[in-house]
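Morning, everyone. I have a few minutes on side chains, rings and cysteines. Let me put the structure up.

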Amino acid sequence: MHPSEGELQAFLDGELPADERARVAAHLAECGDCRAELAQLRAAGEIFSAAVHRIDTVTAAAVTAAHTAVLHRAGSRRSGRPALQILPPSGARAVAVRRAFLRAAVLVLLVAGAASAAVPGSPIRRFLVGLWHETTHLFGVRPAAPPPPARIRVAPAPRPAPSLPSGVSVLPENGRVSVVVQGAAPGLRVHVRVLDTDRASVEADGPATSAHFRTGPGRIEVSGGGPGDLRIGLPRSAEHATVEVDGKPVFARNAGRSHRLAPADTTGGDTVFQTRP
Amino acid sequence: MDIDALFQTLYPSLLRYLQRLTGDADAAEDIAQEAFVRLLTQDLPEQEARPWLFAVGTNLVRDRARKQERRHRLLQAVPVLPSPVGPRPDEAVERKQEVQLVRVALAKLAPRDQRLLLMREEGFSYEEMARAIGVAPSSIGTLIARALKRFVGAYRINEAGNDASE
């Protein structure tokens with residue numbers, strides 16, 4: 001009996017239990033129609049993957065900035081600390097008590113300050129100002145910083161960019177791996193080589209070492225960087241591997257065959273794509 | 001739970017999923033941040049954070065579309081590709097056309113099918129996808145296969161129409 005299209009799809013996605021997988025594999029070895037159906041499903045998946053990669057706009061810089069923005073948004077909204085926030089448990093109670101004292105002191109000062117505000121330079125006002133300083137000193141807390149804006153859009157991150165690794169590598173995810181280069185500098189040389197390893201890797205040389213790297217399941221993202229060399233290694237064993245530069249696929253490897261999708265040179269076994277200088 | 005590590009692991013995937021789902025880079029960013037802010041108030045086992053985030057993100061997309069009655073506009077919107085050097089005008093036009101082809105083909109799918117295919121791209125298992133959309137895991141393969149064929153059909157028709165008009 002022929003496997004259903006759902007079973008073939010699950011076979012492709014590695015989602016069949018071992019016994020069913022063996023049964024489908026045995027059937028495929030004998031049935032040309034089902035092999036054709038499987039090839040059609042595989043091709044459809046590859047077309048979909050390539051298509052949605054074309055509409056991606058996620059950049060490493062946006063992710064870094066969003067991290068800060070999320071923490072600000074969480075801080076401006078919560079009344080207590082978030083459940084997942086990491087604080088030393090032994091110090092949390094003391095912090096809460098100090099904050100409660102400080103809030104009470106501030107409330108008293110505000111009421112009294114309002115009453116004395118009508119008399120500029122009054123001794124009460126001077127006393128209250130002095131008391132404020134003394135209180136904050138006593139509890140070891142600096143005067144509160146102005147609250148962050150309630151809605152923070154992604155802006156240049158106040159934190160320095162993550163330090164640069166010399167290279168990164170990932171394992172394919174379900175036989176698939178992709179390397180995405182965004183914001184490539186003019187003149188950047190992207191070397192692609194198929195290797196007998198089980199991991200995809202990216203290494204930067206020269207000015208390209210200022211690039212930022214991000215990894216996800218079966219995916220490496222490289223952003224920024226100067227006009228040096230990026231050396232990309234793709235595992236020969238991956239069923240599907242792609243390299244994309246600024247939204248355009250330049251190299252693909254499917255079912256054991258490599259395909260150049262953009263003009264390239266060959267140097268010492270590397271396929272080399274160069275961005276316009 | 002290490003929030004920084006969790007963010008670095010999950011946020012790019014969530015943002016990519018939402019951008020693909022909405023076609024609106026700003027809305028996707030806003031929703032992804034909101035989902036993460038809400039995650040910070042939850043007490044979840046780490047392995048449940050990812051499906052939780054994607055479910056909340058999807059619901060926020062749906063709410064936004066419903067409230068503002070602009071789902072159609074979101075699906076048609078063309079995101080701007082950030083680039084340190086601006087593309088040449090002909091490249092920009094070409095890219096806009098490419099993006100439009102993909103968005104129109106995606107919009108031809110039912111919301112459930114869009115979600116399935118995009119979750120599959122982010123490496124979700126059939127079990128996780130089944131829980132997310134409320135169907136049996138055994139039906140996921142069939143749903144994905146049919147959705148992929150539908151997408152490719154729509155994509156090729158649009159592509160052919162685009163080539164003919166050039």
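Start with B:Arg50. This residue lies over the face of B:Phe124, at 3.8 Å from the ring centre. Keep in mind that this is a predicted model. Every distance I quote is computed from that model.

Now stay with B:Phe124. Is B:Phe124 buried or exposed? B:Phe124 is buried, with a relative accessible area of 5%.

Next, the rings. How many aromatic pairs does the structure hold over all chains? There are eight. One of them joins B:Tyr17 and B:Phe54. Their centres are 4.8 Å apart, with 50° between the planes. That makes the pair tilted. Look at where the two partners sit. B:Tyr17 is in helix H1 of chain B, residues 3-22. B:Phe54 is in helix H3 of chain B, residues 46-68. The two are 37 residues apart, so this pair links distant parts of the chain. Both B:Tyr17 and B:Phe54 are buried.

B:Phe54 has another ring partner, and we have met it: B:Phe124. Here the centres are 4.7 Å apart. Why is this pair called edge-to-face? Because the planes of B:Phe54 and B:Phe124 stand at 70°, and the cut-off for edge-to-face is over 60 degrees. This pair also links distant parts of the chain. B:Phe124 is in the loop between helix H6 (111-121) and helix H7 (126-133) of chain B. B:Phe54 is in helix H3, and the two residues are 70 apart. As for burial, B:Phe54 has a relative accessible area of 1%.

Rings also pair between chains. A:Phe48, B:Phe151 and B:Tyr155 are linked by ring pairs into a cluster.

Over in chain A, find A:Arg21. Its charged end sits over the ring of A:Phe11, 4.3 Å from the ring centre.

Last topic: cysteines. A disulfide is a covalent bond between the sulfur atoms of two cysteines. How many disulfides does the structure hold over all chains? Zero. Take A:Cys31, which is in no disulfide. The nearest cysteine sulfur belongs to A:Cys34, 3.6 Å away. Why is there no bond here? Because 3.6 Å is too far; the cut-off is within 2.5 Å. Both cysteines are buried: A:Cys31 has a relative accessible area of 9%, and A:Cys34 has 5%.

That's my tour. Thanks for listening.

Methods. Residues are numbered from 1 along each chain as its sequence is written. Chains are lettered from A and ligands numbered from 1 in the order in which they are written. This is a predicted model: local features need pLDDT of at least 70, side-chain atom pairs count only at pLDDT 80 or more; totals for chains, interfaces and linings use all residues. Side-chain values use heavy atoms; hydrogens and water are left out. Buried means under 20% relative accessible area, exposed over 50%, partly exposed in between (1.4 Å probe, protein chains only). Rings of Phe, Tyr and Trp (its six-membered ring) pair if their centres lie within 6.5 Å; planes under 30 degrees apart count as stacked, over 60 as edge-to-face and the rest as tilted. Helices (H or I, at least four residues) and strands (E, at least two) are DSSP runs, numbered from the N terminus. A charge sits over a ring if NZ of Lys or CZ of Arg is within 6 Å of the ring centre and within 35 degrees of the ring normal.
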